[in-house]
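Got your viewer open? Load the model shown here and keep the selection box handy.

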Amino acid sequence: SCLDCKFVFSQVRFNDEEMASIYKDYRGEDYTALREVYEPGYRRLNDNLGKHPQEVQSRADALQKFIESKVDASQIESVLDYGGDQGQHIPAYFSNAKKYVYEVSGVEPIEGVTKITNVSNGIVDFIICSNVLEHVPYPAKVLDDIVNCMHADTWLFIDVPDEIAAAGEHP
C-alpha cells in the first residue's frame with residue numbers, strides 16, 4: 001500500500017497461466033460479462049474503449065501532443081506499444097517509424113503495425129506502455145522486459161490511470 005497515493009496492491013497474484021486465461025479474449029463477450037458482474041457499468045465503458053474512433057483519436061492526439069514537445073520524430077526509427085492492443089494508439093507523429101505491438105490477448109494488429117510475441121527480439125527507439133502496469137501481477141518484471149528492448153537513447157512513455165471512482169461508477 002502506498003501512503004502517498006493510497007494505491008493498494010494485492011498479495012495474491014495470478015501466475016502466467018491464469019493471466020493468459022484472463023486476457024485470452026480481453027474485452028470480448030465473456031470477459032466483459034464477468035467484469036460487469038463485479039464492476040457494474042463496465043460494459044458501457046468497454047463498448048467505446050479502444051474501439052470508438054473518437055476515443056482512439058483523442059488518446060492518440062493527447063499522447064502526440066505530449067511527445068511532440070519532447071521528441072524529434074525524425075530520430076525515431078522504431079516504436080513499440082507494449083500491451084497496446086492492436087497498436088491503434090501509436091501516434092501518427094511516428095508515421096515514418098517501424099511500428100510494433102506486444103499484446104497477450106491474441107488480437108491482430110492494425111495495418112502497418114507488426115505483432116511481436118517476444119519483447120527480447122529487438123531494440124526500439126520509443127516504447128509506449130500505456131494503461132498496462134495496473135493489469136499485471138508483477139509490474140517490475142514488465143519493466144525489466146521493457147528495459148531489455150531499450151538502448152541508451154530509447155524514449156519510454158509510461159502511464160497508469162489515476163482515477164478512483166466510487167464503487168459502480170465509471171467515467
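Begin by selecting residues 53–68, which make up helix 4. Helices here are DSSP runs of H or I with at least four residues, strands are runs of E with at least two, and both are numbered from the N terminus. Put a ruler on the end C-alpha atoms of helix 4: they are 22 Å apart, which agrees with the 22 Å that its 16 residues should span at 1.5 Å a residue. (The expected span is 1.5 Å times one less than the number of residues.)

A quick word on what you're looking at. This is a predicted model, in which local features need pLDDT of at least 70 and side-chain atom pairs count only at pLDDT 80 or more, while totals for chains, interfaces and linings use all residues. Residues are numbered from 1 along each chain as its sequence is written, and side-chain values use heavy atoms, with hydrogens and water left out.

Stay on helix 4 and show the side chains of Glu-55, Val-56, Ala-60, Leu-63, Gln-64 and Ile-67, which are buried. (Buried means under 20% relative accessible area, exposed over 50% and partly exposed in between, with a 1.4 Å probe and protein chains only.) These residues sit on the same side of helix 4, because they cover an arc of only 165° around the axis. The arc is taken from the directions from the helix axis to the C-beta atoms. Now spin to the face turned away from that buried side, and you'll find the exposed residues Gln-54, Ala-62 and Lys-65. What covers the buried side? Strand 4 and strand 5 (155–159) are included in the cover.

Next, select Leu-80, Tyr-82 and Ile-127, the residues with the most contacts inside the largest nonpolar core, which has 14 residues. (Such a core is a set of buried Ala, Val, Leu, Ile, Met, Phe, Trp, Tyr and Cys residues joined through side-chain atoms within 4.5 Å.) Strand 1 (78–82), strand 4 (126–130) and helix 5 (139–147) each give two or more residues to this core. Apart from it lies another core, of 13 residues, with Ile-67, Ile-76, Phe-94 and Ile-128 among them.

Zoom in on Ile-127 and list its contacts (heavy atoms within 4.5 Å). Leaving out residues up to four places away in sequence, Ile-127 touches Leu-80, Tyr-82, Ile-146, Cys-149, Met-150, Thr-154, Trp-155, Leu-156 and Phe-157.

Then hop to Ser-78 in strand 1. Ser-78 is buried, at a relative accessible area of 10%. With residues up to four places away in sequence not counted, its contacts include Ala-97, Tyr-100 and Asp-125.

Time for some charges. The structure holds four salt bridges, each a side-chain nitrogen of Lys or Arg within 4 Å of a carboxyl oxygen of Asp or Glu. Pick Arg-43 and Glu-29, which meet at 3.2 Å, N to O. Arg-43 is in helix 3 (residues 42–46) and Glu-29 in helix 2 (residues 29–38), so this pair links distant parts of the chain, 14 residues apart. Arg-43 is partly exposed at 29%, and Glu-29 is partly exposed at 48%. Another pair is Arg-35 with Glu-39, at 2.5 Å, N to O. For one more, try Glu-108 and Lys-115, at 3.6 Å, N to O.

Last stop: color by pLDDT, the predictor's confidence in each residue, from 0 to 100. The chain averages 83, and 88% of the residues score at least 70. Over residues 166–171 the pLDDT is below 50, and this stretch has 10 contacts in the model beyond near neighbours in sequence.
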